[in-house]
Amino acid sequence: MKTTVVNIVTPDGPVYDSEVSMVIVKTVTGEMGILPGHIPTVAPLAVSAVRLKKDNSMDVVAVSGGFVEIRPDKVTILTPSAEVADQIDIARAKEAVKRAESRLQSKQDDIDFKRAELSLKRAMNRINVKEGNI
Ligand code: ATP
């Protein structure tokens with residue numbers, strides 16, 4: 001079976017490095033399935049799950065946006081943060097949801113709503129990836 005190397009990298013370092021047979025990403029304009037030999041492309045990613053298909057298994061990584069760079073033999077994802085499903089701390093993500101929701105419901109003027117919205121998106125994405133709702 002043909003494979004492609006996938007690297008997922010954050011400012012804190014590499015999070016994922018493996019050979020896979022297909023990568024499914026969610027770009028800001030929609031879902032994209034990437035097979036080995038894909039034409040070179042760069043696309044911005046949504047806060048979303050990256051699915052990495054192997055022979056008999058599938059890895060899932062939560063990413064908080066960033067970019068995917070596709071080359072025929074290599075896929076690189078550069079993202080502000082990424083967690084492989086088993087590394088996700090669900091209690092922490094649920095706390096982050098609570099915090100973001102209370103900020104979004106707050107009537108105070110000094111609340112940064114955009115920031116709270118983005119934090120809510122990241123936390124919901126982590127929960128969905130951990131619980132397999134993708
Ligand atoms: P929190 O408010 O819980 O810190 P956050 O969305 O602000 O969440 P980020 O700034 O996106 O966190 O990430 C900071 C670091 O913490 C990154 O290395 C990220 O991978 C890690 N991280 C954040 N939330 C979780 C989680 N629920 N489980 C595991 N790692 C997490």
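Which helix gives the most to the positive patch? Hold that for a moment. One caution before the answer: this is a predicted model.

Let me start with the patch itself. Five arginines form a positive surface patch: R92, R99, R103, R115 and R122. Two helices each supply at least two of its residues, α1 at 90–105 and α2 at 113–131. The helix that gives the most is α1, with 3 residues.

Take one member, R115. R115 sits in helix α2. Its relative accessibility is 62%. The cut-off for exposed is over 50%, so R115 counts as exposed.

Now the record. UniProt, in an unreviewed entry, annotates residues 6–82 as "domain: ATP synthase F1 complex delta/epsilon subunit N-terminal". In the model, that span is 69% strand and 0% helix. The C-alpha atoms at its ends are 14 Å apart.

The second annotation, also from an unreviewed entry, is "domain: ATP synthase epsilon subunit C-terminal", placed by UniProt at residues 86–130. Here the span is 76% helix and 0% strand. Its end C-alpha atoms lie 7 Å apart.

Here is a contact across the chain. I90 lies in helix α1. A123 is 33 residues away from I90 along the chain, yet their C-alpha atoms are separated by 8.9 Å. I90 has a relative accessible area of 25%, so I90 is partly exposed.

On to the charge pairs. Side chains of opposite charge can pair when their charged atoms come close. How many salt bridges does the count come to? The count is 6. I will walk through three pairs.

Pair one is R126 with E83. The closest N and O atoms are 2.9 Å apart. R126 lies in helix α2, and E83 in strand β10, residues 82–84, so this pair ties together parts 43 residues apart in sequence. Is E83 buried or exposed? E83 is buried, at 15% relative accessible area. The cut-off for buried is under 20%. R126, at 21%, counts as partly exposed.

Pair two is K94 with E131. The closest N and O atoms are 4.0 Å apart. What does this pair tie together? K94 is in helix α1 and E131 in helix α2, so the bridge links parts that are 37 residues apart in sequence. K94 is partly exposed, with a relative accessible area of 43%. E131 is partly exposed too, at 44%.

Pair three is E95 with K98. Their side chains meet in a salt bridge at 3.4 Å, N to O. Both residues lie in helix α1. They are 3 residues apart, about one turn of the helix. E95 is partly exposed, at 41% relative accessible area. K98, at 55%, counts as exposed.

Back to the two helices, to finish. Both α1 and α2 supply at least two residues of the positive patch. The K94 and E131 bridge has one residue in each of them. The E95 and K98 bridge stays inside α1. And R126 in α2 pairs with E83 in strand β10.

Definitions and conventions: Residues are numbered from 1 along each chain as its sequence is written. This is a predicted model: local features need pLDDT of at least 70, side-chain atom pairs count only at pLDDT 80 or more; totals for chains, interfaces and linings use all residues. Side-chain values use heavy atoms; hydrogens and water are left out. Patches are made of residues with over 30% relative accessible area and no salt bridge: like charges are joined within 9 Å, nonpolar side chains (Val, Leu, Ile, Met, Phe, Trp, Tyr) within 5 Å. Accessible areas come from the Shrake-Rupley method with a 1.4 Å probe; for residues, only the protein chains shown count as cover. Lys and Arg count as positive and Asp and Glu as negative; His and the chain ends are not counted. The place of a charge is taken as NZ of Lys, CZ of Arg, CG of Asp or CD of Glu. Helices (H or I, at least four residues) and strands (E, at least two) are DSSP runs, numbered from the N terminus. Buried means under 20% relative accessible area, exposed over 50%, partly exposed in between (1.4 Å probe, protein chains only). UniProt positions are given in the numbering used here, feature names are shortened, and annotations may be inferred rather than shown by experiment.
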